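Reader: I have a predicted model open and want one part of it described closely, with whatever connects to it. Please start from a single residue and work outwards.

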Amino acid sequence: MNGKATSNRTRIERGRSALGPALELVHTGRAPTRAVLTAELGVTRATAGAVAAELEALGLIRVDSRPGAAAGSQGRPSHRLAVDDTGPVVLAAQVHADGFRAALVGLGGRTVATAPGCVTVQADPAQVLGEVVEAGAALLRESGRRCVGAGLAVPSAVAEPEGTALNPLHLAWPAGAPVRDIFAERVAAAGIRGPAFTGNDVNLAALAEHRHGAGRGAQHLLCVATGHRGVGGALVLDGRLHTGSSGLALEVGHLTVNPEGRPCHCGSRGCLDVEADPLAFLTATGRDLGPEVSLLQQSRDLLRGEYDDPAVRRAAEELIDRLGLGLAGLVNILNPDRIILGGLHRELLEADPERLRAVVADRSLWGRSGGVPILPCTLDHNSLVGAAELAWQPVLDDPLAALA
Ligand SMILES: [Zn+2]
């Protein structure tokens, strides 16, 4: 073999191994131009150009070479890169205490289509997951788009490697339900191609926010959020979810924040789960709970529209103090460089950011943790987008193999 052939082959192999990293850079918006892609990958302009062309040929990204499309790193025009809005999609599904939702999500975390969810969740997970997959399959038929996989978000810790829902208590599903297998069966039965994945909803929200939202650029990202009921947490370390040895890390809902507080379904009392979720907030306001909309939406409406009401403000301050206590404990243990809050916690932060930051600073090691930025989550339906991230991961790891 002559030297030229060897060098050509090396370049091709280097190019192939760069396809996944390049796609992830475009997918997360970190490489808006070919010049930035070249710099981020640390390859030659020729290699970056070949990689971008290959991803374009696969139907994953668009390369816009019109003059003046964008400025490169030296201020020269560079080809603009963007995900292909007509490319493949994944099916994303979410089940929560107040219903379910299905969506088609493209690269870049872009929701292409959503199906309106139902408002009651059956006690049989096979029935619910069958319905949500069917809603997604209908979206796929309407769109005519190629589907490369499916992801599901559930409001429960998901034990690894079994893929079972350990504590789906707000759903009345049996503990230990094999949700990942059920979801994969339903996806296959609906004729949807590609692998199927399942994860905890707050873990997936954190992953989505790290890639597309308020968590971008954080190295040690702590996310704490309420779903429709209960409280969850997640940690993204250097871009990867920290899920512990068996998938159960960051079950922050059972931190004690009020030793004499409400009994919790875990057997303890005064847990964050029952002291800082939408039900706790509405109960503290003394308002009657209406059945028309979710508890999360009722809480949001009160915080945004009636914060001048002394009972609403008092309830908010009580929850902020308990949430702050929980966050301070987590900050002392995990030393994150950013905290993002979702669901009701995002609303509480926006209602009184100074109070929450003061509680965290007051309870933290030498006051230092008061310097950790606390930000609201920014994505709509971040658990759904995170479920899509699970399904996109094989494509991000090896686009050629995943699309073959
Ligand atoms: Zn508990």
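Reader: Does Asn 335 count as buried or exposed, and at what relative accessibility?

Author: Asn 335 counts as exposed, at 59% relative accessibility. Here buried means under 20% relative accessible area, exposed means over 50%, and partly exposed is what lies in between, using a 1.4 Å probe and protein chains only. The model is predicted, and local features are given for pLDDT of at least 70 and side-chain atom pairs for 80 or more, whereas totals for chains, interfaces and linings use all residues. Residues are numbered from 1 along each chain as its sequence is written, and side-chain values use heavy atoms, with hydrogens and water left out.

The position of Asn 335 is the loop between α10 and β13 (338-342). Helices (H or I, at least four residues) and strands (E, at least two) are DSSP runs, counted from the N terminus. The phi angle of Asn 335 is near 50°, which is positive although the residue is not a glycine. Leu 250 also has a positive phi without being a glycine, near 60°. Leu 250 sits in the loop between β12 and α7, but it counts as buried, at 13% relative accessibility.

On one side of the Asn 335 loop is helix α10, which spans residues 310-334. Leu 323 is part of this helix and is buried, with 0% relative accessibility. Contact means heavy atoms within 4.5 Å. Leaving aside residues up to four places away in sequence, Leu 323 touches Val 224, Leu 272, Leu 341, His 345 and Leu 356. Its C-alpha atom is 7.9 Å from that of His 345, and the two residues are 22 apart in sequence.

Leu 272 also appears among the contacts of Asp 277, together with Thr 226, Arg 229, Gly 230, Val 231, Leu 319 and Leu 344, again without residues up to four places away in sequence. Asp 277 lies in the loop between α7 (272-275) and α8 (278-285). A relative accessible area of 3% makes Asp 277 buried.

On the other side of the Asn 335 loop is β13, a member of an open five-stranded sheet with mixed pairing and the order β12-β11-β10-β13-β14. The edges are β12 and β14 (374-376), each with a single partner strand, so one side of each has no neighbour in the sheet. Two strands pair if DSSP finds at least two bridges between them. β12 pairs with β11 (residues 231-237) in the antiparallel sense, over two bridges. Val 236 is opposite Leu 241 of β12.

Leu 241 leads to the second largest pocket, where it is one of the residues nearest the centre, along with Glu 160, Leu 204, Thr 243 and Leu 390. A pocket is an open set of points, on a 1 Å grid over the protein atoms alone, where a 1.4 Å probe fits and protein lies on both sides within 12 Å along at least five of seven lines; lining residues have an atom within 4 Å of a point. This pocket has 20 lining residues and a volume of about 460 Å³, the volume being the space filled by probe spheres set on the points, which are joined across faces, edges and corners. By class the lining has seven nonpolar, eight polar and five charged residues. Asp, Glu, Lys and Arg count as charged, Ala, Val, Leu, Ile, Met, Phe, Trp, Tyr, Cys and Pro as nonpolar, and the others, including Gly, as polar. At least two lining residues come from each of β9 (196-200), α6 (201-212), β12 (240-241) and α13 (382-397).

Glu 160 is joined to Pro 161 by a cis peptide bond, with omega about 5°. Pro 161 belongs to the loop between β7 (158-159) and β8. Beyond β8 (164-165), Ala 172 lies in the loop that runs to α5 (179-189). Ala 172 is exposed, with a relative accessible area of 56%. The C-alpha atoms of Ala 172 and Ala 97 are 9.0 Å apart, although 75 residues separate the two along the chain.

β9 pairs in the parallel sense with β6 over five bridges, and Ala 150 stands opposite Ala 196 of β9. Four of the five residues of β9 are buried, so the rest of the structure largely encloses this strand. The same holds for β6 (residues 147-154), where eight of the eight residues are buried. β6 also pairs with β3 (residues 89-96), parallel and over five bridges. Leu 152 of β6 is the bridge partner of Ala 93.
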